[in-house]
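The report below takes up helix packing, buried helix faces and unusual backbone angles in one protein chain.

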Amino acid sequence: MKAYSVMDICLAVKGALLQGDADMMVSAVTTDSRKIEEGALFIPLVGERFDGHDYIEMALQSGAAGCFTTKLPFNTVEGKFYILVEDTLLALKALASWYRGEFPIPMVQITGSAGKTTTKEMVASVLSQKFSTLKTEANFNNAIGTPQTLLRLDDTHEAAVIETGMNHFDEIRYLGDMVRPDVAIITNVGDAHVENLGGTRLGVLQAKSEIFDNLNPDGLAILNGDDALLRELRPNFRTVLCGKGENCHVRVSDIAERGIEGMDCTITTEKATYAVHIPSPGAFMIYPASMAVAVGEHLGLTAEEIVRGIAAYTSVGSRMRVVRKDSRIIIDDCYNANPQAMAQALETLAKTDVPRRMAVLGDMGELGALTEQAHREIGALTAKLGIDTVVAVGEKSRAILAGNGDALWFATLEEALPTIVEQFTDGTAVLVKASHAMNFPKIVKELEEV
């Protein structure tokens with residue numbers, strides 16, 4: 001964060017300075033009292049089970065220069081500033097929104113039911129070939145993480161790629177009010193969080209479309225042209241559809257999948273044709289790559305820069321991370337799961353050239369009335385693909401048995417682990433995938449130690 005005075009910050013959030021030097025400079029912001037940079041602004045957030053105001057004194061004693069507060073403090077720490085605000089989370093938003101306005105650089109905002117992080121990493125990889133690019137780190141894509149990401153902007157940055165997630169209406173609009181993108185991307189519309197969004201994909205579409213509420217009037221909308229709902233969407237902006245379909249403006253053809261080695265393909269636009277190598281497995285990778293081409297062209301990158309950026313892509317976290325153990329392979333994709341992403345991961349497993357394939361699948365959350373059907377259909381897909389061993393874990397995943405009667409089912413991860421390890425024999429490729437709450441990284445760690 002660039003340095004600004006306490007008074008600048010106070011004016012940005014419409015707060016009242018209760019104590020402290022209005023001319024003091026602040027160049028860091030934190031919401032975690034355990035991670036205090038010297039001279040930082042501490043913002044005490046309030047949740048259902050905690051109140052950050054309880055940690056103000058500790059934060060200030062640890063080196064914070066001052067804080068926001070919604071309460072008149074009984075005791076104050078000498079030499080520290082206190083800014084009174086109505087709501088600390090909204091003050092964080094206001095600060096980030098104001099700060100973002102200090103940077104007239106291209107801003108890309110990404111949302112979607114699946115593939116947000118992959119698309120963010122791909123777009124950032126391409127833009128980094130020309131621009132110093134800020135991107136969302138880890139899963140900082142919500143009402144706390146997004147403003148913290150924006151507050152990391154500094155004068156070295158020439159572009160930014162911001163991932164925004166949601167599970168309720170109005171969240172993408174809330175985040176977009178800070179980001180104010182020049183390019184808005186929707187990766188797809190699936191069943192993730194459908195139980196909170198009216199129970200249908202139309203509700204998901206409505207929530208994702210909030211991204212256009214803050215798009216620059218001269219901005220670009222980039223959509224998945226193979227998604228049945230998105231290809232019919234008509235936002236009031238210049239729109240580019242990406243995918244395999246004849247309707248797509250950025251069209252992918254000549255796809256040659258190389259299993260876990262990735263794929264080669266041709267991406268054609270109105271301006272050029274690109275022969276690209278995507279160094280990550282999964283048929284779905286054509287969408288992040290084609291969307292990155294659309295962004296790159298829009299922002300003036302050369303064909304060489306775009307192709308080089310796609311080839312430089314690397315996966316992050318537990319997202320189709322490939323681990324080789326002699327003749328065994330682990331496909332670690334257990335960061336999260338929804339029906340579409342799980343089906344795509346299974347397709348990749350099925351195309352992996354090994355003697356034996358195993359899928360360890362866990363519960364997919366927030367599917368509401370679709371829960372049983374979605375898990376049953378995943379079970380049927382494993383049977384259709386001929387996956388040699390299927391291990392289902394969790395109460396929701398019991399329905400996988402209805403689709404594949406040969407699957408093994410366990411109520412808990414602990415009960416399943418001995419069988420999973422036993423089945424991870426020489427020449428086996430195993431896909432490990434479930435919603436984040438299932439704690440499947442523990443399975444990956446156990447298999448890495450086999």
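A crossing of two helices is called right-handed if the near helix is turned clockwise from the far one by less than a right angle, and left-handed if the turn is anticlockwise. The structure shown here is a predicted model, and in this model α4 passes α8 in a right-handed crossing. The contact behind this crossing is formed on the α4 side by T118, T119, M122, V123, V126 and L127, and on the α8 side by P288, A289, M291, A292, V295 and G296. Sorted by chemical character, the residues of this contact comprise nine nonpolar and three polar ones, with no charged residue among them.

Two packed helices are described by the angle between their axes and the distance between the axes. For helix α4, which spans residues 116–127, and helix α8, which spans residues 286–298, the axes come within 9 Å and cross at roughly 40°. Angles from 35 to 65 degrees fall outside both the roughly parallel and the roughly perpendicular classes, and α4 and α8 are therefore oblique to each other.

Helix α9, residues 303–311, also takes part in this region, since its buried residues pack against α4 and α8 as well as against strand β16 (273–278). Those buried residues of α9 are E305, I306, G309 and I310. Viewed down the axis of α9, they fall within an arc of 130°, so they line one face of the helix.

A further helix with a buried set is α7, residues 201–208, in which G203, V204, L205, A207 and K208 are buried. Among the elements that cover these residues of α7 are β8 (107–111), α6 (171–179) and β11 (183–186).

Turning to the backbone, most residues other than glycine have a negative phi. Two aspartates depart from this pattern, as D254 has a positive phi near 55°, and D326 has a positive phi of about 55°. Their surroundings and exposure are set out below.

| Residue | Location | Relative accessible area |
|---|---|---|
| D254 | strand β14 (residues 250–257) | 57%, exposed |
| D326 | loop between β17 (321–325) and β18 (328–332) | 84%, exposed |

Where, then, does D326 lie? D326 is placed in the loop that joins β17 to β18, whereas D254 belongs to strand β14. With a relative accessible area of 57%, D254 counts as exposed, and D326, at 84%, is likewise exposed.

Methods. Residues are numbered from 1 along each chain as its sequence is written. This is a predicted model: local features need pLDDT of at least 70, side-chain atom pairs count only at pLDDT 80 or more; totals for chains, interfaces and linings use all residues. Side-chain values use heavy atoms; hydrogens and water are left out. Axes are lines fitted to C-alpha atoms, for helices over the stretch in contact, and angles run from 0 to 180 degrees between N-to-C directions. Helices (H or I, at least four residues) and strands (E, at least two) are DSSP runs, numbered from the N terminus. Angles under 35 degrees count as roughly parallel, over 145 as roughly antiparallel, 65 to 115 as roughly perpendicular and the rest as oblique. Contact means heavy atoms within 4.5 Å. Ala, Val, Leu, Ile, Met, Phe, Trp, Tyr, Cys and Pro count as nonpolar, Asp, Glu, Lys and Arg as charged, and the others, Gly among them, as polar. Buried means under 20% relative accessible area, exposed over 50%, partly exposed in between (1.4 Å probe, protein chains only). The arc is that of the directions from the helix axis to the C-beta atoms.
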